[in-house]
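Colleague: I've got this one open on my screen and I'd like to go through a single part of it slowly. Could you take me through it and then show me how the rest fits around it?

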Amino acid sequence: MPSVPPFSRSERIEDYTKQCGGIAWKEERIKAADGVDIALAVASVTGSKEEMGKEASHVAIVYYQGNGGALPARLPSLSMVLKAVHRAAGSSTRYTLVAVSYRGYWTSRGRPSERGIGLDAAAAIEYARSRLHTPADPPIRLVLWGQSIGAGVATSAAAALSSIVPKKNGSRNGDSALASPVSGLVLETPFVSVRAMLTAIYPQKWLPYRYLGPFLRNHWDSQSALLKIADTKSSCPRILILQAGNDELVPNGQGVQLEETCRDLSLHVQRIVVSGALHNEAAAKGQGRRAIVDFLHCFG
């Protein structure tokens, strides 16, 4: 829902500057593989020049938003995470957050579709790989963070990146900028798949909605993506599942099922339930923000 709430597409980063607590966001433009113009919101926190040495680590976090609204309204919450993780990790680590506005959302061009958003997700990773890194820098540690539908985008992007066949010299088709395909996955208020959501929300067999699976245009199947990630021979990412305790949209069992899938596949996973949080509050609540900060701290 790119235009929900009304006028969200006309919002500006400047409208939220005061709420971002000193984190300076800038809008960047990139092209997806099919030529569609995509907007990003990018911010970094670093130490001083004296504190940042050549061997200082760099963590790039690519953020995939949920279904409704535009990026600017999310920036204050993302800014709080950036500030907190920087304080926790120390000044020698650089953290850059790249927030993606899918096609058709905010100021991005085009019309949203699962295939198109997948191209947007890949273009944002390429931005992190090529624009945030120079040959003299140490490899970037890449973390993908998706909220709600964005969790499906993140897992699908991680699966696609992990499936790149390694070269004989150990590098991965030009991905020498990355320490590994994906170091971490933050799945905030995720669901197993759109089809699984239909069954969970409408469990009654006499209701027609649960049988609409074959007609779905968008699937966002995180479970299948996790299977692909585990099936590759590359290093698998650490995974944080952040579940809202009072989620009014995603049933409780969805996060539990994803955790069980990860454990069955021997993937390193941690699931945290944020007490009292609604669907869009998990990362904004202190408990959820601390969980994300602690998780990101592992890569600094």
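How many residues does helix α6 have, and how far does it reach from its first C-alpha to its last?

Modeller: Keep in mind that this is a predicted model. Helix α6 runs over residues 252-264, so to speak a stretch of 13 residues, and its first and last C-alpha atoms lie 19 Å apart, close to the 18 Å expected at 1.5 Å a residue.

Now look at which residues of α6 are tucked away: Gln-254, Gly-255, Leu-258, Glu-259, Thr-261 and Cys-262 are buried. They cover an arc of only 160° around the axis, which puts them on the same side of α6. There's a simple rule behind that sort of pattern: an α-helix has 3.6 residues a turn, so residues three or four places apart point the same way. Asn-252 and Asp-264, on the other side of α6, are exposed. The cover over the buried residues of α6 includes two helices, α4 (194-201) and α5 (222-231), and two strands, β7 (238-244) and β8 (269-274). Keep following the chain and, just after α6, you come to Ser-266, which takes a positive phi of about 60°.

For the wider setting, the protein chain has 7 helices and 8 strands. Of its 300 residues, 51% are buried. If you take the contacts with a separation of 6 or more, 76% of them come from residues 24 or more positions apart.

Helix α2 makes a good companion to α6. It covers residues 114-131, and at 1.5 Å a residue its 18 residues should span 26 Å; the end C-alpha atoms are 25 Å apart, which agrees. The buried residues of α2 include Gly-116, Ile-117, Leu-119, Asp-120, Ala-121 and Ile-125. Those buried in α2 pack against five strands, β1 (26-31), β2 (37-45), β3 (58-64), β4 (94-101) and β5 (141-147), and also against helix α3 (149-162). Stay with that last partner for a moment: the axes of α2 and α3 come within 10 Å and cross at roughly 65°, and the crossing is right-handed. On the α2 side Ile-117, Ala-121 and Ile-125 take part, and they meet Val-153, Ala-157 and Leu-161 of α3.

Two of the strands that α2 packs against, β3 and β5, also bring us to the aromatics. The structure holds 3 aromatic pairs. In one of them, the rings of Tyr-63 and Trp-145 have centres 5.0 Å apart and planes at 85°, so the pair is edge-to-face. Tyr-63 sits in strand β3 and Trp-145 in strand β5, 82 residues apart, so to speak a link between distant parts of the chain. Both Tyr-63 and Trp-145 are buried. Another pair is Tyr-102 with Tyr-105: ring centres 5.5 Å apart, planes at 90°, so this one is edge-to-face too. Tyr-102 and Tyr-105 are both buried.

Tyr-63 has a charged-looking name on its contact list as well, so finish at Arg-74, which touches Tyr-63, Gln-65, Gly-66, Gly-68, Gly-69 and Gln-147, leaving aside residues up to four places away in sequence. Arg-74 lies in the loop between β3 and α1 (75-89). Its relative accessibility is 15%, so Arg-74 counts as buried. Cys-20 is 54 residues away from Arg-74 along the chain, and their C-alpha atoms are separated by 9.7 Å.

Note on methods: Residues numbered from 1 in each chain as written. Predicted model: local features only at pLDDT ≥ 70, side-chain atom pairs only at ≥ 80, totals over all residues. Heavy atoms only, no water. Helix = DSSP H or I, 4+ residues; strand = E, 2+ residues; numbered from the N terminus. Expected span 1.5 Å × (residues − 1). Buried < 20%, exposed > 50% of the residue type's maximum accessible area, 1.4 Å probe, protein only. Contact = heavy atoms within 4.5 Å. Arc of directions from axis to C-beta. Phe/Tyr/Trp six-rings, centres within 6.5 Å; stacked < 30°, edge-to-face > 60°. Axes fitted to C-alpha atoms, helices over the stretch in contact; angles between N-to-C directions. Left-handed = near helix turned anticlockwise from the far one by under 90°.
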